[in-house]
Structures are given as C-alpha cells and as structure tokens.
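Welcome! Take a moment to turn the model around on your screen, and then let us walk through it together, one region at a time.

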Amino acid sequence: MDRADQLAVLSGAAADQWGLVTAAQAKELGLNAVQLLRLTEAGLLENVSRGVYFLATGAMPQHMDIKAAWLRLQPREFAWNRPLGHPDSGVVSHASACRLHELGDIPAPEVEITVPRRRTTNEPFVRLRTASLEPADITVVDGLPVTTAARTIVDLLQAKADGGHIGGVIAEAERRELIAVDELAERVRPYARKYGLKTTATGRDLIDHLVAQAGESLRRQEVDRAGQEGFDAAVRLFAGYPAVASYLARSGGMIDIGRALGNLGPNAAAATTMRRVLDSDPAMRAALAKFTQPNQAVLQVLRHANADALSPSTRKAMEAAAKFQQQPVPPPAPHNSGTGSGRDDSRPEAEETG
C-alpha cells in the first residue's frame, strides 16, 4: 500500500471522526506503526494525543482534547460503532459537557467523562466518573454523546462545584430553552443544604440562589422586573386620575394585581378593555374573568391617557380601547338587607340617569 492509498484509507475513517483516527483503528485498516510514523514525519498526520492522529488535510476540530479522550476509551472501535449504554462506552459530562453545550464559564482543566462501570486511566488530564445514565440524560453534540443540560447541572451540584459558576450555567441554559426550570427544581432540591440553604428550601429557592450568585437572572425574573417597571410607568401615567392612580398604587405591583383587580367587583367593560392592554400577564386573565359590568371611570382613563408615553404594543391596545363602545349599564341587582324593615326589596331600584 503506497502513501496515497494509506492516506485514502485513513481519510475514509477520519471523515466521520472529526478528522481523527487512533493508532488501533489504523491497525484495523491495515497500517502499522512504521507507516504512521512516516506519514507523521511527512507532515500528513499530526500526533495530537497519545495514540490519536489528526489528518492535516482538514481544519482542526473544536474541543480536540475531549474528542481524542473519548476515542481513546475504546481505541479499536470506530465512533459510529459505539452504542450508548455499552459497558465500555462513555458520555462527556460535568464541566466538559458545559464546554460542548457552550454554557457558562465554569473552569474545565481536565476532560470529564462518565462511564457506566468503574474504570481507570493514566491520562493526566482525563477524569473518569462512574454513574448510570438514563437515555433521557444523554444527547448528542457535535457527534459526541454528552449529558443533557439538566443532567449536567445535577452532576455539577453533586460534585459540589462553585455555586456562582453553576448559576451562570443555569441562567444560560434557561435563556436558550435547554432546561425547564420547574422540572430542574425537582431534581436539584436535594442539594439545597449543600449550598447553605435551610432545610425547608425548595429546588426553586436553590436555583434562584445560584443564579443570584452568578449575578445573572432568569427570563422569568426579567419578565417580572419588566412588568413591574411597566406597572410603575402606568401609575405615573394615570397620576392625573386620582381614583385610578390610588387603585393602582394599592394593588402592590404586577405580582398582586390580579388579586387587587378582583376587589373592583364585576366590571365586564373594564375587563374587555384592560385585557387588550394587560393580557400578557397570566395572573390578570383569571382576575379579569370575574368582571361582568361596565366601569366608565376606567374606560375614561384608557381613552384619554397619553398614548405617546406607552410602548407601541400598549399604544395599539390603548387605541383599540379608545374605540370601545360601552354597553348600557344594567340596573343593580336587588338588595336584601335582612333587617325585617318591611321594605319591598324585591322591587328593583330605579336606574341612575345622567
């Protein structure tokens, strides 16, 4: 086999292994150590790790150290022949998984790989961890088996990694929708005590604690903060309408606004109008559903508010509210005082006029 044939054979295998091939794989393909040495001396191969070669004809792959370490776990097996869950297979995990997922800035001085049964390695920068992984805990990134973002976070907590670094991983994973915070909270709750929280702390408490340590925030927190800022702006906007401004101030912000609106009583027209402005808040939907009668005061405010001070979406809703056609006010329901005064409470009160 001449040099061109040798390169052709190696290239066929390396093409599906990021341009890499192990010495043991080369032997399976019919090349010996002397031939590999000569190809290396000629600059056609590069020895990038013990027993792992890179074909210099291609671009250097990302995360070369992780890929070489993973290939060395089963040096004779080609990447496409390695089933997940095999006793000798490995899954990139912990800080190395963060590198592959591009999550946070957690230090990763060594390659960390989780294997299903205890194994040892004499590689100075490779750490093998033993754990059983469920299929749902494994995904594939750049052709490598790697723990999911949620499992990676759990592994880091179990390994007692720095809380601030884990918080950064959580915040980034949540922003990229790689995790569901509520599901993650259930999985991380057992580690709350490890990070200085009380025994009564929930998994959500731990997540918020770690994210705060990282100086980050979750999208949920950002939405809440934006909602509060918008609410404060509404209070200022309605300052010229004392009754409504007083009501808004008493509501306690977006978190309690649903409960506060419920105190206004049944107001169908207000519900219809305000839903157009505030329907993005889930808590509002339940509260607004209780309204059944018109409220002219709120409509008046919405009609005459300074729309230029609002965001485009809210301004559009305001314009729609300004066109709202109020329905006639129905007579109040009969009132029974229960005092036995002899008053005929079954007769409805006269409708208000003007």
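A good place to begin is a single pairing between two strands: Val-140 has Pro-145, in β8, as its bridge partner. That pair belongs to a wider match, since strand β7 (residues 138-141) and strand β8 (residues 144-147) run antiparallel and are joined over four bridges. Together β7 and β8 make a hairpin with two residues between them. One residue of the turn, Asp-142, has a positive phi of about 55°. If you are new to sheets, it helps to know that strands pair through backbone hydrogen bonds, either parallel or antiparallel.

Before going further, let us step back to the whole molecule. What you see is a predicted model. The protein has 16 helices and eight strands. Of its 354 residues, 41% are buried. The protein exposes about 19500 Å², and carbon and sulfur atoms supply 50% of that area. How much of the contact network reaches across at least 24 residues of sequence? Counting contacts between residues at least 6 apart, 58% join residues at least 24 apart.

Leu-100 shows how such a meeting looks up close. Leu-100 sits in helix α5 (residues 94-101). Is Leu-100 buried or exposed? Its relative accessibility is 6%, and because buried means under 20%, Leu-100 counts as buried. Setting aside neighbours within four places in sequence, Leu-100 touches His-63, Ile-66, Val-92, Val-141, Leu-144 and Val-146. Val-141 lies in the β7 range of 138-141, while Leu-144 and Val-146 fall in the β8 range of 144-147, so to speak bringing us back to the hairpin. The C-alpha atoms of Leu-100 and Gln-62 are separated by 9.2 Å, although the two residues are 38 apart along the chain.Next comes helix α6 (residues 149-158), which is mostly covered, with nine of its ten residues buried. Among them are Arg-151 and Asp-155, as well as Ile-153, Val-154 and Leu-156. What do the buried residues of α6 pack against? Their partners are α5, β8, α7 (163-175), α8 (181-188) and α9 (203-213). Just after α6, Lys-160 takes a positive phi of about 60°.

The pairing of α6 with α7 deserves a slower look. The two helices pack at an angle of about 170°, and their axes are 10 Å apart. Angles over 145 degrees count as roughly antiparallel, and α6 and α7 are therefore roughly antiparallel to each other. On the α6 side, the contact is made by Ala-149, Ile-153, Leu-156 and Leu-157; α7 brings Ile-166, Val-169, Ile-170 and Ala-173. By class, this contact has eight nonpolar residues, with no polar and no charged ones. A general point helps here: an α-helix has 3.6 residues a turn, so residues three or four places apart point the same way.

Our last stop is an open sheet of three strands, in the order β1-β3-β2, with antiparallel pairing. Its edge strands, β1 (20-22) and β2 (45-49), each pair on one side only. From one strand to the next, the twist averages 35°. β1 and strand β3 (residues 52-55) are antiparallel and share three bridges, and Thr-22 has Val-52 of β3 as its bridge partner. Two helices accompany this sheet. Helix α1 (residues 3-14) lies across β1, β2 and β3, running at about 100° to β3. Helix α4 (residues 64-73) packs on the sheet too and touches β1, β2 and β3, with a direction that makes about 30° with that of β1.

Notes
Residues are numbered from 1 along each chain as its sequence is written. This is a predicted model: local features need pLDDT of at least 70, side-chain atom pairs count only at pLDDT 80 or more; totals for chains, interfaces and linings use all residues. Side-chain values use heavy atoms; hydrogens and water are left out. Two strands pair if DSSP finds at least two bridges between them. Buried means under 20% relative accessible area, exposed over 50%, partly exposed in between (1.4 Å probe, protein chains only). Contact means heavy atoms within 4.5 Å. Accessible areas come from the Shrake-Rupley method with a 1.4 Å probe; for residues, only the protein chains shown count as cover. Axes are lines fitted to C-alpha atoms, for helices over the stretch in contact, and angles run from 0 to 180 degrees between N-to-C directions. Angles under 35 degrees count as roughly parallel, over 145 as roughly antiparallel, 65 to 115 as roughly perpendicular and the rest as oblique. Ala, Val, Leu, Ile, Met, Phe, Trp, Tyr, Cys and Pro count as nonpolar, Asp, Glu, Lys and Arg as charged, and the others, Gly among them, as polar.
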